[in-house]
Amino acid sequence: MPENTPPAHQWVSAPNPTLYSPENITRYASLVVDKSHRYAWRLDNDQLLDLYLKNVSDRHLEIGPADGYFLHHTPAPAMAHGWHVHVLDINQAPLDMAQERLKGRAQVFTYEHDILVAPWPLADQSVDSLACGNVLHCLPGAGFRAKAVVFDEMARVLADDGTAWGYTLLGAKDPAISPNPLARLLMRSYNRAQNTFHNTGDRLTDLDRELRLRFTEVELWVMGCAAVWVVRGPIR
């Protein structure tokens, strides 16, 4: 792991069973993947799905699955008994949804766990692919350095030849992005709401630094209001 000074305060997450209720999870594709991605965050869902199509493996970890939209639209890389999908979330409803959507397609292992708390309940180098989408901007912490335990654990559980990818909304004042009025309104509202967004201090340059401390190969680019990354070669 990189030798950098840990943040003075260790942040932890809290479940939000009201926001991530079974009923709300069923609306996720319509409200978030369709409307918010398109009109506010300007994310290209075809490009996000392509990350799965290119990189998903038969030993996969999905962090913060929401309704499992992209996994649901990804062809299984192995027979049902051979596709092992691990799903990690602090809320129960997304875990239940992942079990339902992948039923008959994969062996699903769910973990109700805060990803800001190490270690995650997975062994070292136990997955060959890892996805983390629309998650980091929900984690408490003053910027990516305060959320760096997530990158530590990604590097720990990912196999040497594995691939990890993800995307997260950057803070509205990051000069790397140009939010439209709707995006600014939503970010301001979600950051003021309790236990929803925590990304005012999230900057692209900081994310780049944290990833390069832990991976030898880093691809990082801006899509709309989000930073998108693909990383390989975890540093042991």
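## Salt bridges

In this predicted model, the structure holds 16 salt bridges. Let's visit three of them, one by one.

Start with Asp67 and Arg101, whose closest N and O atoms are 3.4 Å apart. This pair links distant parts of the chain, with the two positions 34 residues apart in numbering: Asp67 sits in the loop between strand S1 (59-63) and helix H4 (69-72), while Arg101 belongs to helix H5 (residues 92-101). Are the two partners buried or exposed? Asp67 has a relative accessible area of 4%, so this residue counts as buried. Arg101 has a value of 23%, which makes this partner partly exposed.

Next comes the salt bridge between Asp152 and Arg214, where the closest N and O atoms are 2.5 Å apart. Asp152 lies in helix H6 (residues 149-157), and Arg214 lies in the loop between helix H8 (204-212) and strand S6 (215-223), so the bridge ties together parts that are 62 residues apart in sequence. Both Asp152 and Arg214 are buried.

## A third bridge, and a network

Now find Arg236 and Asp160, whose side chains meet in a salt bridge with an N to O distance of 2.9 Å. Again the pair links distant parts of the chain: Arg236 is in the segment after strand S7 (226-234), Asp160 is in strand S5, and they are 76 residues apart. Arg236 is partly exposed, at 43% relative accessible area. Asp160 is partly exposed too, at 47%.

Some salt bridges share partners, and in this way Asp152, Asp206, Arg209, Glu210 and Arg214 are joined into one network. Look back at Asp152 and Arg214 and you will recognise the bridge described above as a pair of members of this network.

## The sheet

How are the strands arranged? Seven strands form an open sheet in the order S3-S2-S1-S4-S5-S7-S6, with mixed pairing. The edge strands are S3 (107-112) and S6, each of which pairs on one side only. On average, neighbouring strands of this sheet are turned by 15 degrees against each other, direction ignored.

Take a look at S5 and S7 in particular. They run antiparallel and are joined by seven bridges. Within S7, Val230 is the bridge partner of Trp165. A helix joins the picture here: H3 packs on the sheet and touches S1, strand S4 (127-133), S5, S6 and S7. The direction of H3 makes about 170 degrees with that of S5.

## Aromatic pairs

A pair of aromatic rings is described by two things: the distance of the centres and the angle of the planes. The model has five aromatic pairs. One of them is Tyr52 with Trp165, an edge-to-face pair at 5.2 Å centre to centre and 85 degrees between the planes. Where do the two rings sit? Tyr52 is in helix H3 (residues 45-55) and Trp165 is in strand S5 (residues 158-169), so the pair links distant parts of the chain, 113 residues apart. Both residues are buried.

Tyr69 and Phe70 form another edge-to-face pair, with 5.0 Å between centres and 90 degrees between planes. Here the accessibility of the partners is as follows: Tyr69 is partly exposed, with a relative accessible area of 24%, whereas Phe70 is buried at 6%. Ring pairs bring Tyr52, Tyr69, Phe70 and Trp165 together into a cluster.

Conventions
Residues are numbered from 1 along each chain as its sequence is written. This is a predicted model: local features need pLDDT of at least 70, side-chain atom pairs count only at pLDDT 80 or more; totals for chains, interfaces and linings use all residues. Side-chain values use heavy atoms; hydrogens and water are left out. Rings of Phe, Tyr and Trp (its six-membered ring) pair if their centres lie within 6.5 Å; planes under 30 degrees apart count as stacked, over 60 as edge-to-face and the rest as tilted. Helices (H or I, at least four residues) and strands (E, at least two) are DSSP runs, numbered from the N terminus. Buried means under 20% relative accessible area, exposed over 50%, partly exposed in between (1.4 Å probe, protein chains only). A salt bridge is a side-chain nitrogen of Lys or Arg within 4 Å of a carboxyl oxygen of Asp or Glu. Two strands pair if DSSP finds at least two bridges between them. Axes are lines fitted to C-alpha atoms, for helices over the stretch in contact, and angles run from 0 to 180 degrees between N-to-C directions. Contact means heavy atoms within 4.5 Å.
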